[in-house]
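User: I have a structure to go through today. Can you walk me through some of its side-chain contacts?
Analyst: Sure, let's start once the structure is up.
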Amino acid sequence: MSAQAIAHSMEELSAKALPASRKVCADKCAAEYRPLSSGFVSTFVSDWAERRQCNLSGHNALYARKQFKAGEVLCEFGWRDLLEYPTYLTVQTGEDKHILLAPEWLEHINHSCEPNVLFNTATFKLEALREVQPGDELCFFYPSTEWAMSSPFECKCCKPSCLGLIAGASQLSREQLGARRLTDFIANRLDERDAGASSDSPSNSNSD
């Protein structure tokens with residue numbers, strides 16, 4: 001058998017050795033916010049939440065262990081540190097106020113353009129935006145809390161309303177944000193931005 005044929009046979013054996021579900025996981029879950037349905041290590045972090053870590057990529061995600069109705073509170077949250085600048089782990093609570101979440105495992109709630117939870121930074125409660133079933137991945141819409149993100153990325157949530165580049169609410173129009181629920185801070189910043197844009201419009205300027 002030629003060296004090329006041996007190499008081809010080894011590749012086929014390697015592919016067969018990896019279960020199909022693991023191959024799907026490898027393609028989908030690495031930093032792309034796709035469901036971790038197999039090939040992961042599970043840790044129960046509370047009576048209602050489970051952290052899953054992909055065996056292949058190390059990607060983390062948080063999943064529900066209980067059912068929640070729309071409007072219900074999953075938990076309260078706080079912060080273990082308050083920063084004056086955003087990082088890829090922080091949640092914005094105000095102007096120059098960015099928190100590192102507590103409990104820390106809440107950081108594993110990933111982004112989706114069609115989220116099922118919201119970090120309400122006025123009440124410091126994690127709220128269900130729609131019904132959540134046991135086994136559902138918990139996701140929030142990053143621009144719902146972030147005005148200008150430190151680490152923009154190309155979203156791959158594959159939802160019908162996916163916006164593509166996620167860089168913060170400051171980079172999105174009212175039309176793009178649609179009916180998505182936003183924190184009070186972000187809603188107020190949008191009002192200020194739109195009011196400023198309106199006052200700068202030529203139609204609103206005085207002319208001789």
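User: Is Glu 104 buried, partly exposed or exposed?
Analyst: Glu 104 is partly exposed, with a relative accessible area of 48%. Keep in mind that this is a predicted model.
User: Which side chain does Glu 104 meet in a salt bridge?
Analyst: That is Arg 80. The N to O distance is 3.6 Å. The cut-off for a salt bridge is within 4 Å, so this pair counts.
User: Where do the two residues sit?
Analyst: Arg 80 lies in strand β5, residues 78-83. Glu 104 is in the loop between β7 (97-102) and β8 (110-111). The two are 24 residues apart in sequence, so their salt bridge ties together separate parts of the chain.
User: And how accessible is Arg 80?
Analyst: Arg 80 has 38% relative accessibility, so it counts as partly exposed.
User: What about Glu 107, how far is it from Arg 80?
Analyst: Arg 80 forms a salt bridge with Glu 107 too. Their closest N and O atoms are 2.7 Å apart. Glu 107 lies in the loop between β7 and β8, while Arg 80 is in strand β5, so this pair ties together parts that are 27 residues apart in sequence.
User: Is Glu 107 buried or exposed?
Analyst: Buried. Its relative accessibility is 16%. The cut-off for buried is under 20%, which is why Glu 107 gets that label.
User: How many salt bridges are there by this rule?
Analyst: The count comes to 10.
User: Which residues are linked in a network of salt bridges?
Analyst: Arg 174, Asp 191, Arg 193 and Asp 194 are linked that way. One of the bridges joins the side chains of Asp 194 and Arg 193, at 3.4 Å from N to O.
User: Are Asp 194 and Arg 193 buried or exposed?
Analyst: In between. Asp 194 is partly exposed, with a relative accessible area of 26%. Arg 193 is partly exposed as well, also with 26%.
User: New topic. Where is His 111 found?
Analyst: His 111 is in strand β8. Its relative accessibility is 0%, so His 111 counts as buried.
User: What does the side chain of His 111 reach?
Analyst: The backbone nitrogen of Tyr 142, at 3.1 Å.

Conventions. Residues are numbered from 1 along each chain as its sequence is written. This is a predicted model: local features need pLDDT of at least 70, side-chain atom pairs count only at pLDDT 80 or more; totals for chains, interfaces and linings use all residues. Side-chain values use heavy atoms; hydrogens and water are left out. Helices (H or I, at least four residues) and strands (E, at least two) are DSSP runs, numbered from the N terminus. Buried means under 20% relative accessible area, exposed over 50%, partly exposed in between (1.4 Å probe, protein chains only). A polar contact is a pair of N or O atoms within 3.5 Å; within protein, one must be able to donate a hydrogen and the other to accept it, and residues adjacent in sequence count only if both atoms are side-chain atoms.
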